[in-house]
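Notebook open, model loaded. I wanted to look at a metal site first and then at some strand pairing.

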Amino acid sequence: MTLDIRQIPVLNDNYIYLVREPESGNVAVVDPAVVGPVVDEASKLGWAITHILNTHHHSDHTGGNLEIREKTGCTIVGPGPDKDRIPGIDIQVNDGDIFAFGAAEAKVFFVPGHTRGHIAFWFANSDALFCGDTLFSIGCGRVFEGTMDQMWTSLSRLRDLPSETRIYCAHEYTQSNVQFAVSVDPKNMALRNREAEVKRKRANGESTVPSRLGEELAANPFLRADQPDLQKALSMVGADPVAVFTEVRGRKDAF
Ligand code: ZN
Ligand code: FE
């Protein structure tokens, strides 16, 4: 019952995911920004869409909700804390809930910060985390609606998942994230190695997503606000992790 996961690049840099659970044949679309490429890919694969999973309300994650449901009769699953802003929401899920998806299960994490109602879906048996715009490869989402404290707490919870977890984030931002990360943490060898890998992949037109959580722990400055080596690079040794996170996020916003 390992999930079969397909990545669909849309718009400038969004990723939509099609996720099939083989025992039940259930198929979920994660964060449908648009309709056409999703429906086309599903029909090419012979997959019938049964669910939409939304991580947060932004239109580049929910824009396809109503039309896909109209075409397929699927069920829309989204964050209870943001039920009023998720178009067509049928099932509300909340922090700690286990969402049964055929023979698979997703644990729901409430991860506010980017928006005040953001959630993530963790399919432990498939080592897959769908985290929307909370955690990116070598980056994190902008803190639009929540506080820096909330965002750091949210990222800290995701950081505690198993290191082999694959991070299925919703944007291909890795190359610009890496450029920024090197500017704050230039001596980090894991980051330097990632920089080379990302450059090569993008030059070949390849996706850099998903990465593994373990790679992110070593190289992503937004997960490392409490790490002495990053604090040293920022001349903030011993500072409160929220202050360090705030500094890194602020620099990225201005980068
Ligand atoms: Zn967003
Ligand atoms: Fe987005």
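I took as donors the N, O and S atoms within 2.8 Å of the metal; water is not among the atoms, so a site may look incomplete. Also noted: this is a predicted model.

**Entry 1, the iron site.** Which residues coordinate the iron ion (ligand 2)? I found Asp-60 (OD), His-61 (NE2), Asp-133 (OD) and His-171 (NE2), at 2.1 to 2.3 Å. Along the sequence, I wrote the donor spacing down as D-H-x71-D-x37-H.

Next I checked the geometry. The angles between the four donor atoms run from 86 to 166 degrees, so I logged the arrangement as irregular. My tetrahedral cut-off wants all angles between 85 and 135 degrees, and the upper end here is 166 degrees.

**Entry 2, the second metal.** Asp-133 turned out to bridge the iron ion (ligand 2) and the zinc ion (ligand 1). I get 3.2 Å between the two ions. His-61 sits in helix H2 (residues 59–62), while Asp-133 is in the loop between strands S10 (128–132) and S11 (135–136), so this pair ties together parts 72 residues apart in sequence.

Buried or exposed, I asked of His-61? Buried, at 0% relative accessible area. Asp-133 also counts as buried, with 3% relative accessibility.

**Entry 3, the strands.** I then moved to S7 (residues 98–101) and S8 (residues 104–110), which pair antiparallel over four bridges. They make a hairpin with two residues in between, and Gly-102 in that turn has a positive phi of about 60 degrees. Across this pairing, Phe-99 faces Ala-106 of S8.

S8 is also joined to S9 (residues 119–123), antiparallel, by four bridges. There I found Lys-107 opposite Trp-122 of S9.

Conventions: Residues numbered from 1 in each chain as written. Chains lettered and ligands numbered in written order. Predicted model: local features only at pLDDT ≥ 70, side-chain atom pairs only at ≥ 80, totals over all residues. Heavy atoms only, no water. Pairing = 2+ DSSP bridges. Tetrahedral: all angles 85-135°; square planar, octahedral: opposite > 155°, others 65-115°. Buried < 20%, exposed > 50% of the residue type's maximum accessible area, 1.4 Å probe, protein only.
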